[in-house]
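Visitor: I'd like to learn how to read a few features in this structure. Could you walk me through them?

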Amino acid sequence: MTTASAPSSTPVGPTPVLRTAYQKAVADYWNDEKDPVNLRLGDVDGLYHHHYGLGDYDPAVLEGPADTRDARIIEEMHRLESAQAEVLLDHLGPIAPGHRLLDAGCGRGGTSIMANLRFGCEVDGVSISEAQVEFANGQARKRGVDDKVRYHFRNMLDTGFPTGAFQGIWNNESTMYVDLFELFGEHARQLAYGGRYVCITGCYNDVTGGRSKAVSRIDEHYTCNIHPRSAYFKAMAANGLVPINVVDLTAATIPYWELRAKSSVATGVEEPFLTAYKEGSFHYLLIAADRI
Ligand code: GPP
Ligand code: MG
């Protein structure tokens, strides 16, 4: 009898954070991004967001002295973006200071800082952009919360965090970069039993059909792949995430886009968003689900 030696194989190292050419392209986009529509708004109070706004704007910001009009609009847009993050946090359920939260696709970190301020708990943020992670950690240090709020250069599809470690996980407008089945599989692994998942997303409308022209223009602008509404519920059901709340935020986000279109920091994506929302081919949706 002869003993077969183990077949030789390529040594297996840790999985790289950026696994595909697509993920590298997305990381390149966010590493290079320094748009005033995000930086000038963040400069208002040091909360840097990568999501849109909710609620009516005060029409008075469009009136008054011309030399301060721009600053008034920027402040108002920022107020609406922070209001959006508050709505997301409202849906996390009761969070105690001893709980741990995960911000999947954390951008420059604004929502995580707000979560720590509100709940006093530890928050981990992950992003595939090293520039965003460095920026966000700098903000946490500036605020003296870096012992509780930490950002990591990790892939939300495979974070390396322990199983069952989190009471709450959210995606604030970052699900359109990933496969939802893979994402919710990883979230379900990391959530404690009974833990809460919340996402705010833009999704296209299954009822009106496939991707409309306006939705395709949004995808093109951000190098993302907006999912149909139905995909969220299929992928949640397949991964033990049971929706408790579904809120159509479309009507509440339109004023933000109308104000943004009148601002000096408009980027050109305002028109496709307003068209997509108004024609009904696209929704701004919040989904909260429990891990069973
Ligand atoms: C970016 O926010 C958000 C996305 C790239 C996700 C796309 C969102 C959808 C709802 C489809 P941002 O604040 O970086 O964008 P902008 O620079 O346009 O303000
Ligand atoms: Mg923005």
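Guide: Sure, and bear in mind that this is a predicted model. Let's begin with a charge over a ring: R154 has its charged end over the ring of F161, 4.4 Å from the centre. R108 is placed over the face of F135, with 5.2 Å to the ring centre.

Visitor: And rings with rings? How many aromatic pairs does a search of the whole structure find?

Guide: The search turns up 14 aromatic pairs. One of them is Y29 with W30, edge-to-face, 4.7 Å centre to centre and 70° between the planes.

Visitor: Why those two numbers, a distance and an angle?

Guide: Because a pair of aromatic rings is described by the distance of the centres and the angle of the planes. As for exposure, Y29 is partly exposed at 26% relative accessible area, while W30 is buried at 15%. Elsewhere, ring pairs join Y52, Y256, W257, F273, Y277, F282 and Y284 into a cluster.

Visitor: Why is strand β7 called largely enclosed?

Guide: Strand β7 (residues 282-291) has eight of its ten residues buried, so the rest of the structure largely encloses it. β7 pairs antiparallel with β5 over nine bridges, and I287 is the bridge partner of C199. With β6, β7 also pairs in the antiparallel sense, over seven bridges; there, A288 partners N245.

Visitor: Now a charged residue: is E81 buried or exposed, and which side chain of opposite charge is nearest?

Guide: E81, in helix α3, is buried without a salt bridge; R260 is the nearest side chain of opposite charge, 4.8 Å away. Beyond its close sequence neighbours, E81 has contacts including H49, H51, Y52 and Y256.

Notes: Residues numbered from 1 in each chain as written. Chains lettered and ligands numbered in written order. Predicted model: local features only at pLDDT ≥ 70, side-chain atom pairs only at ≥ 80, totals over all residues. Heavy atoms only, no water. Helix = DSSP H or I, 4+ residues; strand = E, 2+ residues; numbered from the N terminus. Buried < 20%, exposed > 50% of the residue type's maximum accessible area, 1.4 Å probe, protein only. Lys, Arg positive; Asp, Glu negative; His and termini not counted. Salt bridge = Lys/Arg side-chain N within 4 Å of Asp/Glu carboxyl O. Contact = heavy atoms within 4.5 Å. Pairing = 2+ DSSP bridges. Phe/Tyr/Trp six-rings, centres within 6.5 Å; stacked < 30°, edge-to-face > 60°. Lys NZ or Arg CZ within 6 Å of the ring centre and 35° of its normal. Lists of a residue's contacts leave out its neighbours within four places in sequence.
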